[in-house]
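These are my notes from a session of looking things up in one structure, kept in the order in which I turned to each topic.

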Amino acid sequence: MQRLSTPRKKSNLSLKISSVALATSLILGGFATMASANAETEYQFGGYIKVDALISRTDSGKISTGSIGRDFYIPSLTPVGDGASNTYTDFHARESRFFFRATQTLENGEKISGYFEFDSLATPGGDKRITNSYSPRVRHAFIQYRNWLVGQFWSNFQDVTIIPESPDFIGAPDGIVFNRQPQLRYTMGNGWSFAVEAPETTITPNQGGTARITTGDTAMPDLTARYQTRIDNVHYSVAAVVRRLEFRENGVNDTVNGYGINLSTKIDLGANDIRVGFVHGEGIGRYVGVNSTNDAVVDDTLNLDTLGYTGITLAYRHVWSDQYRTNVIFTRGKFEDKREYTGINANDYTQRLAANLMYQVNEKLVVGAEISRATRELLSGSKGNLDRVQFSAMYSF
């Protein structure tokens, strides 16, 4: 299921208030706002409550208790090697989400809006022993004015349209761009958008396999551009990113360039649809596969060498009736072989094949069941599978 702040999942409750008649503040969910004397403000809030039950089996080791990989699928966490098989069951409601938006019409008729959204997925501060209490996290927090967006939102390098419907949080992480971060974005009326986005570099140490160093050294922001449009029943998007990767520690003092291109389309076939994505680049590891590969590796001369990635995603959605629909998903991320620097314990590829059945109980409640197999293989040939059955129930409000 597309948990990407879409109107379907956020059946919003809207309250329009004329400030001429309002002299007191409105307090809603911890937000306090005061209408201006000459403006009209619209407040919206909503979200969903989602409960997940997962039965997982690994054939080459265990995903440890408390790991993020127990709550949803993370490609790089599929165990590989000679470990024993394990089966375990997890329940959680951490994906449940709330958002708040304020949109104000100014004296000149223009609009300015602020949006804030949070959930408790992938955060510390809780466990399954007694209370299952987890800390909330910021998903989105941005301001929109005219053609500008400033704040935290989906990367302009990403196309959320092709993310398939799935009980799993992402559904197809191996082969797509998936990234939220602070940015300054300008969107033109002709389908083009450009953004300056927060930089970060992830590095594989020399002979470090799947180890990761997050440098924090990058000076130049990531630069992205995207063009998207729709012709009849076909949506398509072309996006690019240009980056500078830096590392100045442990004897390394180097900067290299990274780049990537992301092609995606969604083809509507009546009620059904096909979603296809292709992404390729050098030094784009933190944008793809939930960082299953790093941006660069330290070579034998203590310089940086970019790591390449190619990802594909194919998904087909078939609507059987007003209440039942099925999604079949295949996604794969293939990583460049630089074993001379990374060693043979670096990832070679990850992939996931899944099929689900979604039941629309009513316009507000949907339940789903999905079966999937995920595979991860290292350059050494060491391999592991993750088989999972997942059930979910989601009420949108």
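**Entry 1: a pair of charges**

With which residue does E370 form a salt bridge? I looked this up in what is a predicted model, and found that the partner is R352, with the closest N and O atoms 2.6 Å apart. E370 belongs to strand β23 (residues 365-378) and R352 to strand β22 (residues 347-360), so the salt bridge ties together parts that are 18 residues apart in sequence. I also checked the cover of the two partners, and both E370 and R352 are buried.

**Entry 2: confidence and overall form**

Before going further I looked at the confidence values, and the mean pLDDT of the protein chain is 91, with 90% of its residues reaching 70 or more. The exception I marked is the stretch of residues 1-38, where the pLDDT is below 50, although this stretch has 99 contacts in the model beyond near neighbours in sequence. I keep those contacts at arm's length, because predicted coordinates should not be read in detail where pLDDT is low.

For the secondary structure I noted one helix and 24 strands in the protein chain. The radius of gyration is 22 Å, close to the 21 Å that the globule rule gives for 397 residues, so the chain is as compact as a globular protein of that length. Along the principal axes, the C-alpha atoms fill a box of roughly 70 × 50 × 45 Å.

I then turned to burial and contacts: 48% of the 397 residues count as buried, and, among contacts between residues at least 6 apart in sequence, 64% join residues at least 24 apart. The protein chain exposes about 17,300 Å², of which carbon and sulfur atoms supply 58%.

**Entry 3: further salt bridges**

A search of the whole structure gave me 25 salt bridges, and I followed up some of them individually. D119 pairs with R137, the closest N and O atoms being 2.5 Å apart. Since D119 lies in strand β7 (residues 111-119) and R137 in strand β8 (residues 137-145), the pair ties together parts that are 18 residues apart in sequence. D119 has a relative accessibility of 1% and therefore counts as buried; R137, at 18%, also counts as buried, because the cut-off for that word is under 20% relative accessible area.

The next pair I opened was R286 and D222, whose side chains meet in a salt bridge at 3.0 Å, N to O. This one links distant parts of the chain, with R286 in the loop between β17 (272-282) and β18 (296-298) and D222 in strand β14 (residues 222-231), 64 residues apart. R286 counts as buried at 13% relative accessibility, and D222 counts as buried at 0%.

I also recorded a network of salt bridges, in which E165, D273, R275, R317 and R325 are linked.

**Entry 4: backbone angles in two loops**

Where is N291 found? I located N291 in the loop between β17 and β18, and its phi is near 60°, a positive value in a residue other than glycine. At 12% relative accessibility, N291 counts as buried.

L302 likewise is not a glycine and has a positive phi, of about 65°. Its place is in the loop between β18 and β19 (304-306), and at 39% relative accessibility L302 counts as partly exposed.

**Entry 5: the surroundings of F330**

Which residues is F330 in contact with, leaving aside its neighbours within four places in sequence? I listed I312, T313, L314, Q351, R352 and L353, and noted that R352 is the residue that forms the salt bridge with E370 in my opening entry. F330 itself sits in strand β21 (residues 324-335) and counts as partly exposed, at 26% relative accessibility. I also took one distance from F330, to S60: the two are 270 residues apart in sequence and 22 Å apart in space, C-alpha to C-alpha.

**Entry 6: a nonpolar patch**

Last, I looked at the surface and found a nonpolar patch of about 650 Å², made by I112, I143, W148, V150, L184, V196, L223 and V242. From these I picked V242, which is placed in strand β15 (residues 234-249) and is partly exposed, with a relative accessible area of 45%.

Definitions and conventions
Residues numbered from 1 in each chain as written. Predicted model: local features only at pLDDT ≥ 70, side-chain atom pairs only at ≥ 80, totals over all residues. Heavy atoms only, no water. Patch = residues over 30% accessible without salt bridge, like charges linked within 9 Å, V, L, I, M, F, W, Y side chains within 5 Å. Areas by Shrake-Rupley, 256 points an atom, 1.4 Å probe, with all protein chains shown as cover. Salt bridge = Lys/Arg side-chain N within 4 Å of Asp/Glu carboxyl O. Helix = DSSP H or I, 4+ residues; strand = E, 2+ residues; numbered from the N terminus. Buried < 20%, exposed > 50% of the residue type's maximum accessible area, 1.4 Å probe, protein only. Rg over C-alpha atoms; globule rule 2.2 N^0.38 Å. Contact = heavy atoms within 4.5 Å. pLDDT = per-residue confidence, 0-100.
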